[in-house]
Amino acid sequence: MSTKLALHTRTAAAWTCALLLFFPILWLGLMAFKTEAQAIATPPLLFFKPTLQSFQEVMARDHYVGYALNSLITSVVSTALGLAIAIPAAYSMAFFPTRGTIGLLKFMLSSRYMPGVGALMPIYICYQYFGMLDTRVGLTIMFMLMNLPIMVWLLYTNLRELPREILEAARMDGATVLDEFRHIVLPLAVGGIASTALVCMVWSWNESFWSLNLCASNAGTLAWLIASYSSPEGLFWAKLSAASLMAIAPIMALGWFCQKQLVQGMTFGAVK
């Protein structure tokens, strides 16, 4: 009896936590289908006639497609550039380590957790000098640098788990380092590479700090568009909710279909 009670208690607790986590998204969805008057009504309206007015205004008046395209381009390209650098770096650290490899990895990982505001001023000045403010190129480079330490760490822990016997056999057969990398390491590590790419692309899509501080209307992402609904006149809750819902919908769909890869990418090396 105690075992069943404990199981039911854990199940109830899990469902309670899931509902609490999902509630903001549910409330966001309700707000998106209201008018501005309904969105600010007191007490909140739970029963109302849904309308697509906010979605139509966001799509037509606020150039949503342009901001979504900026988010897509910067996320995908920054992830691809980061992988092009992180894969060889992780391969070198995993299979040809030196005395300072672990220390370098720890330093790279610690730099990822430095508050962005601490590096904002020098980066802003450099971007201003080179004319990279409010450009897709500048934002792509920033996203790539932001995620590069995590990419190297995740790929390093993944490559470390590859069986060394296969690589030793390939070397005995005369395979060069390039052959070993192209024909053995990459095929075996494709799952880890895909997981790392998904995690970092989601982080780039959701990034708001650098989007708000380095960009304006030309290269602004969806985060910039959503922040623009805060004005001296107040918050446009319905349009803000509609834009937010359309911004998170692709990521939610991606997370749902690729949840196994995302969890794997975030827990590399956690279980031996």
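Modeller: A cavity here is a set of grid points where a 1.4 Å probe fits but cannot get out. The model discussed is predicted.

Biologist: How many cavities of 30 Å³ or more does the count come to?

Modeller: The points must enclose a probe that cannot get out. With 30 Å³ as the lower limit, the count comes to one cavity.

Biologist: What is the class make-up of the lining of the largest cavity?

Modeller: The largest cavity has a volume of about 50 Å³. Its lining includes Leu 155, Asn 158, Leu 159 and Val 185. Helix 7 and helix 9 (177-188) each supply at least two residues of that lining. By class, the lining has eight nonpolar, one polar and no charged residues.

Biologist: Which helix gives the most to the largest nonpolar core?

Modeller: This core has 27 residues, and Leu 155, Leu 159 and Val 185 are among those with the most contacts inside it. Helix 4 (64-95), helix 5 (101-112), helix 7, helix 8, helix 9 and helix 10 (190-206) each supply at least two residues. With eight residues, the one that gives the most is helix 4.

Biologist: Beyond four places in sequence, which residues is Leu 159 in contact with?

Modeller: Leu 159 also lines the largest cavity. Leaving aside neighbours within four places, its contacts are Ala 90, Tyr 91, Ala 94, Phe 95, Val 185 and Ala 189.

Biologist: Why is Glu 161 classed as partly exposed rather than buried or exposed?

Modeller: Glu 161 lies in the loop between helix 7 (136-159) and helix 8 (164-172). Buried means under 20% relative accessible area and exposed means over 50%. Glu 161 falls in between because its relative accessible area is 41%.

Technical notes. Residues numbered from 1 in each chain as written. Predicted model: local features only at pLDDT ≥ 70, side-chain atom pairs only at ≥ 80, totals over all residues. Heavy atoms only, no water. Helix = DSSP H or I, 4+ residues; strand = E, 2+ residues; numbered from the N terminus. Buried < 20%, exposed > 50% of the residue type's maximum accessible area, 1.4 Å probe, protein only. 1 Å grid on protein atoms, 1.4 Å probe; cavity = no way out; pocket = protein on both sides within 12 Å on 5 of 7 lines; lining within 4 Å. Points joined across faces, edges and corners; volume = space filled by probe spheres on them. Nonpolar A, V, L, I, M, F, W, Y, C, P; charged D, E, K, R; others polar. Core = buried A, V, L, I, M, F, W, Y, C linked by side-chain atoms within 4.5 Å. Contact = heavy atoms within 4.5 Å.
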